[in-house]
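Happy to go through this one with you. Let's take each label in turn and check how it was earned.

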Amino acid sequence: MEQLEKESIREASKEVSGEFKTLIDHQDLDSLKQLQHLILGRLQDSNAVLTHFNEYSEQCFGEVANDFSRNTRVLKSMKSDLDYIFLKLRSMKAKILATYPDAFPDESTQVLDGRPDLEKPQ
């Protein structure tokens with residue numbers, strides 16, 4: 001009984017697979033395989049190009065990283081020097097205004113240091 005059932009299942013599966021084979025055109029399958037291989041080749045080429053670009057970018061960044069850090073330190077130093085200079089100028093101006101109240105016209109108080117104070121939250 002079981003043997004008969006297994007054989008009928010095999011026959012049915014063979015018949016279903018045969019029907020599926022008639023639904024599929026082999027030329028279409030071959031063209032799909034060819035397109036997949038073409039796409040795979042393009043993706044592999046793109047991957048190789050991107051890998052090469054990443055390696056080149058890493059090398060270039062390694063060459064300029066020291067310059068960037070050095071220039072960053074110089075700019076920070078210049079900022080602190082300028083802040084100190086403007087602080088001294090403000091205190092000198094305050095002393096001059098305290099000693100000679102009419103030394104500067106009212107409009108010039110804004111012109112000497114018109115920079116916004118970036119340290120204060122707005």
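Helices (H or I, at least four residues) and strands (E, at least two) are DSSP runs, numbered from the N terminus. V16 lies in helix α1 by that rule. This is a predicted model, where local features need pLDDT of at least 70, side-chain atom pairs count only at pLDDT 80 or more, and totals for chains, interfaces and linings use all residues. Residues are numbered from 1 along each chain as its sequence is written, and side-chain values use heavy atoms, with hydrogens and water left out.

Q: Why is V16 called partly exposed?
A: Buried means under 20% relative accessible area, exposed over 50%, and partly exposed in between (1.4 Å probe, protein chains only). V16 has 44% relative accessibility, so the middle class applies.

Q: How do you know that α1 lies largely in the open?
A: Of its 22 residues, the number buried is 0, so that description follows. Across the protein chain, buried residues make up 3% of the 122 residues.

Q: What makes the length of α1 agree with its residue count?
A: The expected span of a helix is 1.5 Å times one less than its number of residues. For the 22 residues of α1 that gives 32 Å, and the end C-alpha atoms are 32 Å apart, so the two agree.

Q: What makes R70 and D67 a salt bridge?
A: The term asks for a side-chain nitrogen of Lys or Arg within 4 Å of a carboxyl oxygen of Asp or Glu. The N to O distance between R70 and D67 is 3.1 Å, so the pair qualifies. Both residues lie in helix α2, 3 residues apart, about one turn of the helix.

Q: How do you know that K79 and D83 meet in a salt bridge?
A: Their N to O distance is 2.8 Å, which satisfies the cut-off, so this pair counts too. K79 is partly exposed at 40%, and D83 is partly exposed at 29%. A search of the whole structure finds 2 salt bridges.

Q: Why is the group of E7, E11, E15 and E19 called a patch of negative charge?
A: Patches are made of residues with over 30% relative accessible area and no salt bridge, with like charges joined within 9 Å and nonpolar side chains (Val, Leu, Ile, Met, Phe, Trp, Tyr) within 5 Å. Asp and Glu count as negative, Lys and Arg as positive, while His and the chain ends are not counted. The place of a charge is NZ of Lys, CZ of Arg, CG of Asp or CD of Glu. E7, in helix α1, has 41% relative accessibility and is therefore partly exposed.
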